[in-house]
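The exercises below are meant to be worked with the sequence and the coordinates side by side. Each task is followed by a solution that goes step by step.

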Amino acid sequence: MKHNFRKLKTSLLAVSLIFILTACGAEDTFTLSDWREFFRLEFRAFRERIGLADDGNNSSRDDSSLFDGFNINPDISVEVHEEDPSPGEDEVTEVPTEGLSGFYYGQLSENRQKVYDQLYTGISERKSEFFIYADDDGDCGPALNALVCDHPEFFWIDGNASIYGYEGPGAKKITLEFNIDAAQIDYVQAVINEAVQEYIYTLPEDASSYQKVKAAYDYVIRRADYQLNAPQAQNIQSVFLSGQSVCAGYTRAFQYLLSKVGIYSAYIAGTVEHNGVLESHAWSMVDIDGTNYLVDVTWGDPNYEGSDVEGKMPDILYNYLCLTTEDMERATHIPDPSFNYPVCESRDYNYYLLNGYYYEYFDREAVAYALNSAVENGGTSAHFKFSNFDEYAAAVYAIFDDGLLNDALQLRMRWDGLESMSYYPMNDDALCTIDIYW
């Protein structure tokens, strides 16, 4: 569900990730205005390909046509068979005594919530086959789909099921596909419990909500590597047992950890743009002290971005931690329009703002000072986020093409007696962030 393309790479940075720094740089071939226009046209073309470009009248566009038949969990398979299941009176699953809740549960119809309740009971009891009562067999698939998204703790199912029953009100037999033998569930749960405790031990005693969210983000990224064909990739086993997963596993593992420390989060399924094509993807919404933020744990993991450069690749990227809806839309994240998602507007916990890396305007002296300070203080990275694309483009030009990074690293080379240094740039055109590791 996740691809190997995340950011619109600039031609400047795509040429090479190894830069031999010398006292005399090559003659500039692009002016600052050239670079600004290059970035502007490239970014506009990018937005036009995914249908987010302005039409000149600022009129809203109807996204629904892009998602005909889209599903919040497109990897599950629910088959409906019209036949009499013939349950006994005592075989129909009881509705749970305590009310359930969940992001998707709250958006189901009353009839589908009743089905969800019964499915929850049967799955909690680890039954692979049980009976429920439903007004319509068509309610069963959406209810099961919503339940899988709301409850990552049910790791032994991925949502594949068969439903037996006649159309209309009546008993329905549910047959679930388990992805492991039922006898293994306790063992797997024990391993997952150990991972949860390991995560909890990383938290300070008085951890804030934000610290819990960031620690869960860090833990999942460090625990897992992105692997397209990873086993159990659609559930939390892939992260906590094998350490290989895709976006569904990353997102559910993040959701699961946060549930253990009292932080509400929701699994969001939708699409992202890849080479002009919409592909399915998953990310998260988290509640930090009553305010919603968006998080993409998978895109915080740089391991799939390409080859490392002499060990310079970072462990974690923070440009997809605690974003707004506007940020995510610019990064081509479009949620399934079948559901209502709160608009996230706060940037209070944006990583760059929190850590003093945010710049309203490009100021050459301020950027040079930040780079030189990082070098002089023994740092191995520098980070920048700008308020808009023009300021960001000016910074990219100044840092990489007009000598700012060269000047800063020349100082480090003199101190260390080096003739050359390599660096690893991680620029995100959509979010106007620049991260450099050396």
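A residue is called buried here when its relative accessible area is under 20%, exposed when that area is over 50%, and partly exposed in between. The model is a predicted one, and its secondary structure comes to 13 helices and 14 strands.

**Exercise 1. Determine how far α4 is enclosed, and name its buried residues.**

Step 1. Applying the cut-off of under 20% along the helix gives C140, G141, A143, L144, N145, A146, L147, V148, C149 and D150 as the buried residues of α4.

Step 2. Ten of the eleven residues of α4 are therefore buried, so the helix is largely enclosed by the rest of the structure. As a background for this result, buried residues make up 52% of the 438 residues in the protein.

**Exercise 2. Describe how α3 packs against α4, giving the angle, the distance between the axes and the residues that meet.**

Step 1. Helix α3, residues 110-124, and helix α4, residues 140-150, pack at an angle of about 60 degrees, and their axes are 9 Å apart. That angle makes α3 oblique to α4.

Step 2. The crossing of these two helices, α3 and α4, is right-handed.

Step 3. On the α3 side the contact is formed by R112, V115, Y116, L119, Y120 and I123, which meet C140, P142, A143, L144, A146, L147 and D150 of α4. Sorted by class, this contact has eleven nonpolar residues, two charged residues and no polar ones.

**Exercise 3. Carry out the analysis for α5 and α6: at what angle do they cross, and which residues meet?**

Step 1. The axes of α5, residues 185-201, and α6, residues 209-223, come within 10 Å and cross at roughly 130 degrees, which means that α5 is oblique to α6.

Step 2. The crossing of α5 and α6 is right-handed.

Step 3. In α5, the residues A195, E198 and Y199 meet K212, A215, A216, Y219 and R223 in α6; by class, this contact has five nonpolar, no polar and three charged residues.

**Exercise 4. Locate the most connected members of the largest nonpolar core, and follow the contacts of F254.**

Step 1. In soluble globular proteins, nonpolar side chains tend to be buried together. The largest nonpolar core has 92 residues, of which I123, Y199, Y217, F240, F254 and L258 touch the most other members.

Step 2. When residues up to four places away in sequence are not counted, F254 touches V213, A216, Y217, V220, S284, V286, V295 and V297.

Step 3. A second, separate core of 28 residues includes A374, F386, A395 and C432.

**Exercise 5. Is Y105 buried or exposed, and what does it touch?**

Step 1. Y105 is placed in the loop between β1 (78-81) and α3, and because its relative accessibility is 11%, Y105 counts as buried.

Step 2. Leaving aside residues up to four places away in sequence, Y105 touches L100, Q113, Y116, D117 and D150. One of these partners, D117, is twelve residues from Y105 in sequence, with 9.3 Å from C-alpha to C-alpha.

**Exercise 6. Compare the surroundings of R126 and C322: which is buried and which is partly exposed?**

Step 1. Phi of R126 is near 60 degrees, a positive value in a residue other than glycine, and the description of C322 is that its phi, too, is near 60 degrees.

Step 2. R126 lies in the loop between α3 and β2 (129-134), whereas C322 is in the loop between β9 (291-295) and α9 (325-330).

Step 3. R126 is partly exposed, with a relative accessible area of 31%, while C322, at 1% relative accessibility, counts as buried.

Technical notes
Residues numbered from 1 in each chain as written. Predicted model: local features only at pLDDT ≥ 70, side-chain atom pairs only at ≥ 80, totals over all residues. Heavy atoms only, no water. Axes fitted to C-alpha atoms, helices over the stretch in contact; angles between N-to-C directions. Helix = DSSP H or I, 4+ residues; strand = E, 2+ residues; numbered from the N terminus. Parallel < 35°, antiparallel > 145°, perpendicular 65-115°, else oblique. Left-handed = near helix turned anticlockwise from the far one by under 90°. Contact = heavy atoms within 4.5 Å. Nonpolar A, V, L, I, M, F, W, Y, C, P; charged D, E, K, R; others polar. Core = buried A, V, L, I, M, F, W, Y, C linked by side-chain atoms within 4.5 Å. Buried < 20%, exposed > 50% of the residue type's maximum accessible area, 1.4 Å probe, protein only.
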